[in-house]
Amino acid sequence: MKQKKRRQLGKKITRNGKRFGALLFVGAFFVILIMGGRLFQIAGFKVVNNHNLTAATRLTFMQKETVPATRGQILDSDGQVLADNSTVYDMYAVLDKKQVTKTGKPDYVVDKKDAAQKLSGILGISYDDLYAQLTSNKLQVEFGPKAKNLSVDTYNKIKALNLTGIKFNSQPSRYYPNNRMASHIIGLTNSTQNSAGQRTLGGILGIEAFKNSTLRGKDGIQTSLGNQNETSKKNQVENGNNVTLTLNEKLQATLENRMDVLFAGTKAKSAVAVLMEAKTGKIVAATQRPNFDPNTQDGLSSAWENLINQGSFEPGSTMKTITLAAAIQEGKWHPNATYQSGTYDINGQKVVDAFGNGEGILTYRQAYERSSNVGFAHLEQALGASTWESYINKFRFLKKTGMDLPNEESGSMSFEQPIDQANTAYGQAIRVTPAQLLQAYTAIANGGKEIKPYLVDRVTNPETGKVIYQGKITQVANPISASTAKQVLSLMAGVVNADDGTAKQYSLSDVGYQVAAKTGTAQISENGKYLDGLTNDIHSVMAIVPEQNPKYIMYIAVRQPQVFPDANIQITLNNVFRPVILQALNDGDDSVKSKTNQVTVPDVKGLSISQAEQALQNAGLSVTTLGSSGTISAQSIKGNQDAIKGQRVFVTASGSVTVPDFSSWTKNDVLTWGYLAKVKMSLTGSGYGEKQSVTAGTAVTGQSKISVNFKERT
């Protein structure tokens, strides 16, 4: 019985197994059929969930590469290039003897003595140092800073040597054809490397930084598959735009030349000069000392400041013009009223005139002409602290101008105590920038309308020429009336015309122009105390030319001059002001041209000494040559610039330099010669050269020192 039951159970299991197997077969068949159909669909149409497999496969093997944009140029107002693109090279040497070319020739340094000898003269590295590195056990060597950032010319010189194993890495660079000229305005770039090893340029100073995004452009993306290259239309490279500045290269060159002489002659800590169009706010020339060479970065330090809109300082008496304007506007100006000059007590603290106690009773007109601190402390008291402070704000001091330079300062002021409130009326206890001062003085020059200074004239697409941005006149305030502005200009002219006016040195009456000016002498505060002595002051001038229908505003300041080459520091500043302003006026005024006998300076570079001297003399210019042989390598006034008939032009050649006869020379010409000849000059007296310690014709040596005495003409 038990055996029968086992047989029946076995038959039942067999039937169930067959049924399961059949079902499994049918299920597997349908799965395979569906998968096969799906694979057939994929193979046929190459699409999965709306994704194209062909495109996906293609992208798997496709490479993307950044195509860097070309940086835009920086140009002057006449289209002269101030900043352009270039390439620099880092040199290295391969010493690994396993390195060979495709043809099996050595691709490493073979003759190490020959390489060291030839490279030494080009790189300025000693033969011993080069040879020591070339004979090291390294597979590859670099040679330090002197073998990095090599110019294209240096690169070509080394390549021409055909030295095996000498290699280069190139990187984008910026080239500044005028070297130090306007370097604080144009600025500087540096090179940064991305994760892919590509280098791009970015602005870090000046216009290069302020307009970095528009100069930089946008990189493109290049895609490649096999040997075919395709550029994505959505990511095409957009080259940087060109930035045209308001600077005029000819005026800038003259300003740079004069500031070189001023800075060398005074041995000052710093100096700044700006020439601006009065009605537009365009800055047409600007420079500062010390400056730097953007090509080599010589002169650049971590403490660098752009003196136009950074490094705020106490301006001194140039601030009195603003106080004067406020007093006139408020009806507090009484020019013929009198006061006791010398000292003035305010709550137990004294305001002191720079000229001491010897001036006695003065009128308020004289207070402005002679620059009396006491007189302007009285004016501030008459205005009242709150009213005076309101004018400081109306003229937009303590606010950034928003001009086209980065990292601008807003300035600061101490105004809590009555003595501080009085001090601000004559330019102490308040810190401003030259940009703020220039902006404030535009209200004086423009009938009360205050204009923002600017440097960027336009931005253009280099490929189409389309103007993307156009600089324009921007009125920022209207602090005084036209009537007040006219009165202030007249009183500024008095500072130039008065026999005891502090700005009489700036007169242009000989060429028919009335200058309106205000000088300044400001003490420098350090650690809460003012430094003593004229060598620790800031000496400055703000001039508007002409008084009627002003065209230009010029500001010059020199900080802590250690040497006073003239009897009055304002004479020294005028040696910068006069030639620059006359050149600016000459460019557009026929009456000035006729009175100053304007001439065009010939370009004599490359000519022989005799040819150069003859060409300059034929043009009506005086010429002094430094050197005795060869051709002319440099001239103090560039070719095709304007000059005044009879003006002295210095040209430089090779060979020995001899001392000229300084009789009847001006101090400025003597200082210029000393600067170019690298001779220490000691000048005494004022007027024109009379006696000199070294006889004319004596050869100049590195130790030469010459004293020249000057005497006024009777």
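This briefing walks through the nonpolar cores, a covered helix and some backbone details of the structure above. The model is predicted, so please read each point below as a feature of that prediction. A good place to start is the largest nonpolar core, which has 118 residues.

**Nonpolar cores**
- Within the largest core, the residues with the most contacts are Ile185, Leu275 and Trp388.
- Helix H17 (residues 569-586) supplies the largest share of this core, with nine residues.
- Another core lies apart from it and holds 21 residues, including Tyr89, Val109, Ala115 and Ala116.
- If you click on Trp388, look for its contacts with Met319, Ile322, Thr323, Ala326, Glu380, Leu383, Phe415, Gln421, Thr424 and Ala425, a list that leaves out residues up to four places away in sequence.

**Helix H10 and its surroundings**
- H10 spans residues 320-329 and is mostly covered, with nine of its ten residues buried.
- Those buried residues are Lys320, Thr321, Ile322, Thr323, Leu324, Ala325, Ala326, Ala327 and Ile328.
- Ile322, Thr323 and Ala326 of this buried set are also among the residues that Trp388 touches.
- The helices packed against the buried residues of H10 are H11 (364-369), H12 (373-383), H13 (385-394), H15 (434-445) and H16 (482-497), and strand S25 (516-523) packs there too.
- Just after H10 comes Gly331, with a positive phi of about 75°.

**A buried asparagine**
- Asn423 sits in helix H14 (residues 418-424).
- Its relative accessible area is 12%, so Asn423 counts as buried, the cut-off being under 20%.
- Leaving aside residues up to four places away in sequence, Asn423 touches Val351, Gln428 and Ala429.

**Backbone points to look at**
- Most residues other than glycine have a negative phi, and most peptide bonds are trans.
- The bond from Arg289 to Pro290 is cis, with omega near 0°, and Pro290 is placed in the loop between strand S14 (283-289) and H10.
- A second cis peptide bond, with omega about -15°, joins Val545 and Pro546; Pro546 belongs to the loop between strands S28 (537-545) and S29 (552-559).
- Asn347 is not a glycine, yet it has a positive phi of about 55°. You will find Asn347 in the loop between strands S16 (343-346) and S17 (349-352), where its relative accessibility of 64% makes it exposed.
- Ser664 also has a positive phi, near 70°. Ser664 lies in the loop between strand S34 (648-654) and helix H20 (667-677), and it is partly exposed at a relative accessible area of 45%.

Notes:
Residues are numbered from 1 along each chain as its sequence is written. This is a predicted model: local features need pLDDT of at least 70, side-chain atom pairs count only at pLDDT 80 or more; totals for chains, interfaces and linings use all residues. Side-chain values use heavy atoms; hydrogens and water are left out. A nonpolar core is a set of buried Ala, Val, Leu, Ile, Met, Phe, Trp, Tyr and Cys residues joined through side-chain atoms within 4.5 Å. Buried means under 20% relative accessible area, exposed over 50%, partly exposed in between (1.4 Å probe, protein chains only). Helices (H or I, at least four residues) and strands (E, at least two) are DSSP runs, numbered from the N terminus. Contact means heavy atoms within 4.5 Å.
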